[in-house]
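Let's take a walk through a protein fold together, one stop at a time. Keep the sequence and the 3D view open while you read.

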Amino acid sequence: KPAATPKPKVPPGARFTMYMLLDLTSMYATAQKEIYNSFTDYFRRLNEEEGGIEGVKIDIAWSEYGLDVSRAITIYERFKGQGMQFLWSAHTSTALALKPRFIEDGIAGYELSGEPKVIYPPGNTFIQGPPYADTFVAFGNWLKDTWPKWKERPPRVATLTYDNPFGRGHMTGVPYLKELGIEYVGTEITPFNPVDLTPQLTKLRDLRADYVYMNTVWQAP
């Protein structure tokens, strides 16, 4: 039996910095403020009560970027100069722009976006859950199994979403839903921060959609 590889010794006082890109002034501000608070609460407890991760204490360094991709790249370069090894962010366009940089620089990225291109083909970017297309396909499978009127007609599905990589991230799953026999009747676009969605809802009603799938954040629902 081969001998187990011994764990490297952690020098006293070792620390690791998790870098974050935060939107505290734009559309994600209300959520990302709470995400930051939860991270700081968790790592404070982890450091104080458990001594960190295998003896390594965790620090957080962050910068506000307002969902501006060019600004995010500038901050990334600054963080890289500080020795960054790990970056957290939550914005599809930023994730797509940084993906090749993570690979080239040997830095790990953790991204909340589920846009398939963020992780396919694989690189150094990791996401918190299934890609948007996978969740849409899972919805199709559920609908295939539960629609009570198959003898009469197939279910009709529409989308209400954003006209950007995030909002359209699930659309590659549409052909699969059609293969299941589900009728895809159309796509309506919502602004990121809508005031009134009556025109879109009227069109969705006229399309006679049974289900409206939304790949959005909280403002639209």
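Strand β6 (residues 156-161) and strand β7 (residues 183-189) run parallel and are joined by 6 bridges. Helices and strands here are DSSP runs, numbered from the N terminus: helices are H or I with at least four residues, and strands are E with at least two. Two strands pair if DSSP finds at least two bridges between them. One bridge to look for links T161 to its partner I189 in β7.

Before going further, note that this is a predicted model, in which local features need pLDDT of at least 70 and side-chain atom pairs count only at pLDDT 80 or more, while totals for chains, interfaces and linings use all residues. Residues are numbered from 1 along each chain as its sequence is written, and side-chain values use heavy atoms, with hydrogens and water left out.

Now stay with β6 a little longer. In a regular strand, side chains alternate between the two faces of the sheet. What covers the two faces of β6, and are its residues buried or exposed? R156, A158 and L160 on one side are buried, and so are V157, T159 and T161 on the other, leaving both faces covered. Buried means under 20% relative accessible area, exposed means over 50%, and partly exposed is in between (1.4 Å probe, protein chains only). Since 6 of the 6 residues of β6 are buried, the strand is largely enclosed by the rest of the structure.

Next comes the largest nonpolar core. Such a core is a set of buried Ala, Val, Leu, Ile, Met, Phe, Trp, Tyr and Cys residues joined through side-chain atoms within 4.5 Å. This one has 19 residues, and L21, Y76, M84 and L87 touch the most other members. At least two of its residues come from each of β1 (15-22), α2 (69-81) and α3 (92-105), with α2 giving the largest share, 4 residues. To see one member up close, pick M84: leaving out residues up to four places away in sequence, M84 touches Y19, Y76, F79 and I107, where contact means heavy atoms within 4.5 Å. Apart from this core lies another, of 12 residues, including L143, W147, M171 and V174.

Let's turn to E64, which sits in strand β2 (residues 57-64). E64 is buried, with a relative accessible area of 13%. Not counting residues up to four places away in sequence, E64 touches L22, D23, L24, T25, R71 and I75. I75 is 11 residues from E64 along the chain, and their C-alpha atoms are separated by 9.0 Å.

Finally, here are some backbone surprises. Most residues other than glycine have a negative phi, and most peptide bonds are trans. E54, in the loop between α1 and β2, has a positive phi near 50°. L67, in the loop between β2 and α2, also has a positive phi, of about 60°. Which of these two residues is buried, and which is exposed? E54 is exposed, with a relative accessible area of 58%, whereas L67 is buried, at 16%. The peptide bond from Y120 to P121 is cis, with omega near -5°, and P121 lies in the loop between α4 (116-119) and β5 (125-127).
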